[in-house]
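Me: Can you walk me through a few features of this protein? I'd like short answers with the reasoning spelled out.

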Amino acid sequence: MNLLSEDIVEIANCRHGRMAFLRNDNIIGRSLRLYGEWAEAEIELAKVFLRPGDKVLDVGANIGTHSIAYGLLVGEYGEVISCEPHPYMFELLSRNTRENSPSQVKLLNTAVGASSGTLWMDLPAQEATLNFGSLKASEPFPGPQPQQERPQEARIPVARDCLNNLYQGPVRLLKIDVEGSEIHVLQGASQLLSIHRPIVMAESNTTAYSWPVIQSLQSHDYVVYLHYAPSFRPANFRGEQHNIFGPCGEATLVAIPQEQDREEPVSAAWKATLTPIRDLDALVAAMLQKIQYREYLASAYGFDLAAL
């Protein structure tokens, strides 16, 4: 049974296939409509590490922009496990996977954290205009649920499990984008990090969220870099030159096992985009270039901050 009404879903031909997205999504949806891609610099970076036959864990897959691309990179003998808890996003992820027919992409409708249990997620009105990629899972509140920021919004329970339970086996790339809960994913992935030693690419949205992630990775003998790329790419799929994202960009922590760091086939051109992060001062300095979507889009386009 579909949750989403067809009149709020848009479909567009994009760089990695035909993608369905929410018409009023003001970040990922707008990017797919105008540019035919989203966070393509992250996918280009993943190409440096991925080969046919590799295994990928995509934690926080959203509607599948990265999962579909990963599926094409690893080919029919590879595997992509895509985890997405939000019912709207999971419905679109399922649809996009079917539409683009990558049989190697397997879907899990679950949140990923430090342990098994239950989390709560916002369920906004389908016709709302907001950044649907910013919806996050949170621990249940004791007593009555708090009043929500957005109108016509409910909170629903979603299942949570940890990677130690969800997946056993070799993994080449672990990608994490879970709106500030990246540290919890790592806490539940100790076996994966210790035994199988995947490359880790994790969203770096703020210094406060990212520093514990870096410390956790360093404790597992990883070398950590920060990759930053503007959200607007002049060489986008449609060749559109109007920049709706201004100075905003995407920052990603890239962690390579210490024993592999000198062996990874990272070209000099790519290496120049990676800033080594050895301590908190280096992280703070690197993150100074990141402009948040909330502040820029609110000032440039008059968007309501609650919608971002």
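Reply: Here come some questions and answers on the sheet, the cysteines and a surface patch. It's a predicted model, so to speak on a leash: local features need pLDDT of at least 70, side-chain atom pairs count only at pLDDT 80 or more, and totals for chains, interfaces and linings use all residues. Residues are numbered from 1 along each chain as its sequence is written, and side-chain values use heavy atoms, with hydrogens and water left out.

Me: Which strands are the edge strands of the open sheet?

Reply: Eight strands line up as E5-E4-E3-E10-E11-E13-E12-E14, with mixed pairing; strands here are DSSP runs (E, at least two residues), numbered from the N terminus, and two of them pair if DSSP finds at least two bridges between them. An edge strand pairs on one side only, and that gives E5 (105-108) and E14 (274-276).

Me: Which residue stands opposite Leu-173 in E11?

Reply: E10 (residues 173-176) and E11 (residues 199-203) run in the parallel sense over four bridges. The partner of Leu-173 there is Ile-199.

Me: Is Cys-248 buried or exposed?

Reply: Buried means under 20% relative accessible area, exposed over 50%, partly exposed in between (1.4 Å probe, protein chains only). Cys-248 has 0% relative accessibility, so it counts as buried.

Me: How many disulfides does the count come to?

Reply: A disulfide is a covalent bond between the sulfur atoms of two cysteines. The test is a pair of cysteine sulfur atoms within 2.5 Å. By this rule the count is zero.
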